[in-house]
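Student: Hi! Could you walk me through this structure?
Tutor: Happy to, let's bring it up.

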Amino acid sequence: MIELEWPILLWLLPLPALLRWWLPARTVAEQAALKVPFLDDFGSGESRVVSQPRRWPLWLAALAWTCLVFASARPQWLGEPLEQAVSGRDLMLAVDVSGSMQEEDFILDKQRVDRLTAIKQVAGEFIQRRIGDRLGLILFGTQAYLHVPLTFDRKTVQTLLNEAFIGITEDEPKTSIGDAIGLAIKRLQDQKDASRVLILLTDGANTAGELMPLKAAELAAEHKLKIYTIGIGADEILVRSLFGTRRVNPSADLDEKTLTAIADTTGGHYFRARNTEELDKIYRMLDQLEPVEKDKQYFRPRSELFHWPLALALLLTGWLTLARLRWS
C-alpha cells in the first residue's frame, strides 16, 4: 500500500496552468527579444515560415512537473501491521548451562533428553507467548554472561537459546548463581518505570562466582527485581549396572533452601520441575503471575519511494534541456 506523507503538496499540480492563465501574455516585441537565441525557429531570411508548435515537449514537461510534485509529497510503501510492545515489563531468563545439565532425566516426545534440551523446548513456547515484554537471556556456569540483551524480538531470543549448549561458559562443572543474579541486576537497574522480573533455572548449588546468592537476592530486592527460581531435575532415576538396577537421586546437589530464600527475599516464588510436564505447568503459572499486556498497539514499517518519481522528473527535465539545445 502506498501512502503520501504530505498529500497537501498535490495542490501544486495545477500551478503551471494557473500561472499561464493569470500572467499577462508576452508582446510581440518581447517574444522577438526572447526568441533571438533561437532564430532558426523562424526560418532564414525575410520570408520566414512559422512552423507548427511541437506538442510532445509540453506533455513531457507536464509529466516532469507531476513527478516532481509527487516526489515532494513523499510517497511511502506501508508494510503489513506489526505488533508494538506496550507493557513495559523487562523479563530476563537466567539458564544454567553447567555440566550437570547434561543429565538425561527428562522425557520429551517419548524420548529421554538432557535437562537443557527440555528447558529449550518449554521455555521457547513461553518466550513466544510473552508478547509485549522485553526479553533477555543470561547463561551461567562457572561464569555468567549476557547472551541476549533486552529486546522485543522474541524470535531472536528463542533462536539464541536454542543455540546454547552445555559448557558454553567454561570447562568445569560449576555454577555461579549469585553472579547470574548480579548480572541481571546490572542489566535491569537502569530501566525506569518497568516491572523487572528474573526467571532463574538451575539444577545445583552455588559453587562458583564472587557474589553469594543470598547477598545477590538482597541487592535484587533493593532494586525491585522480582526473582522466580526453578529447580530442575528428577528426584530419582533407575540406573543399570553390573550389580543390577538401583535407584539414584540425580538432583542430590540441588540447593532448594537457597533457591527458596532467593525467591522469598525478592517477592517471587520457588518452583520444582521434576519432569517436562511440571516445567511446562510452571511456565504457564508464570504467565498468570506475570500476565501479558492485553492491549496491543500496531505499527506499519515504511519504505521511502520519493526517489523514483524524483529520478524520473530529473531524467525528463534533462531530456527536454538537451532537446532544446539541439533546436537552438
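What follows is a chat about the overall make-up, the strands, two helices, some loops and a surface patch.

Student: What kind of model is this, and how are residues numbered?
Tutor: The model is predicted, so local features need pLDDT of at least 70, side-chain atom pairs count only at pLDDT 80 or more, and totals for chains, interfaces and linings use all residues. Residues are numbered from 1 along each chain as its sequence is written, and side-chain values use heavy atoms, with hydrogens and water left out.

Student: Cool. How many helices and strands does the protein have?
Tutor: The protein has ten helices and 15 strands. These are DSSP runs numbered from the N terminus, with H or I over at least four residues for helices and E over at least two for strands.

Student: And what share of the residues is buried?
Tutor: Of the 328 residues, 36% count as buried. Buried means under 20% relative accessible area, exposed over 50%, and partly exposed in between, using a 1.4 Å probe and protein chains only.

Student: What about the accessible surface of the protein?
Tutor: The accessible surface is about 20,000 Å², and 57% of that belongs to carbon and sulfur atoms. The areas come from the Shrake-Rupley method with a 1.4 Å probe; for residues, only the protein chains shown count as cover.

Student: On to strands. How many residues of β4 are buried?
Tutor: Eight of the eight residues of β4 are buried. One side has Arg 89, Leu 91, Leu 93 and Val 95, and the other has Asp 90, Met 92, Ala 94 and Asp 96.

Student: Why do they split up like that?
Tutor: In a regular strand the side chains alternate between the two faces of the sheet.

Student: Which strands does β4 join?
Tutor: Strand β4 (residues 89–96) runs parallel to β9, with seven bridges joining them. It also runs parallel to β7 (residues 133–140), with eight bridges. Two strands pair if DSSP finds at least two bridges between them.

Student: Which residues are the partners there?
Tutor: Towards β9, Met 92 is partnered with Leu 198, and Val 95 with Leu 201. On the β7 side, Leu 93 stands opposite Leu 137.

Student: Is β9 enclosed or open?
Tutor: Seven of the eight residues of β9 are buried, so β9 is largely enclosed by the rest of the structure. β9 also pairs with β10 in the parallel sense over seven bridges, and Thr 202 stands opposite Gly 231 in β10.

Student: Switching to helices: which residues of α8 are buried?
Tutor: In α8 (residues 256–266), the buried ones are Thr 258, Leu 259, Ile 262, Ala 263 and Thr 266. Down the axis of α8 they fall within an arc of 135°, so they line one face of the helix. The arc is that of the directions from the helix axis to the C-beta atoms.

Student: Why would spaced-out residues share a face?
Tutor: An α-helix has 3.6 residues a turn, so residues three or four places apart point the same way.

Student: What do the buried residues of α8 pack against?
Tutor: They pack against α6 (177–188), β9 (195–202), α7 (213–222), β10 (225–232) and β13 (270–273). Contact here means heavy atoms within 4.5 Å. Lys 257 and Asp 264 are exposed, on the face turned away from the buried side of α8.

Student: And which residues of α7 are buried?
Tutor: Pro 213, Ala 216, Ala 217 and Ala 220 are the buried residues of α7. Seen down the axis of α7, they lie within an arc of 105°, so they line one face of the helix. Their cover includes α6, β10 and α8.

Student: Now loops. Which phi values are positive?
Tutor: Among them is that of Arg 74, about 60° although Arg 74 is not a glycine. Asp 109, also a residue other than glycine, has a positive phi near 55°.

Student: Why point those out?
Tutor: Most residues other than glycine have a negative phi.

Student: Where are they?
Tutor: Arg 74 is in the loop between α3 (56–72) and β2 (75–78), and is partly exposed at 26% relative accessibility. Asp 109 lies in the loop between β5 (106–108) and β6 (111–113), and is exposed at 68%.
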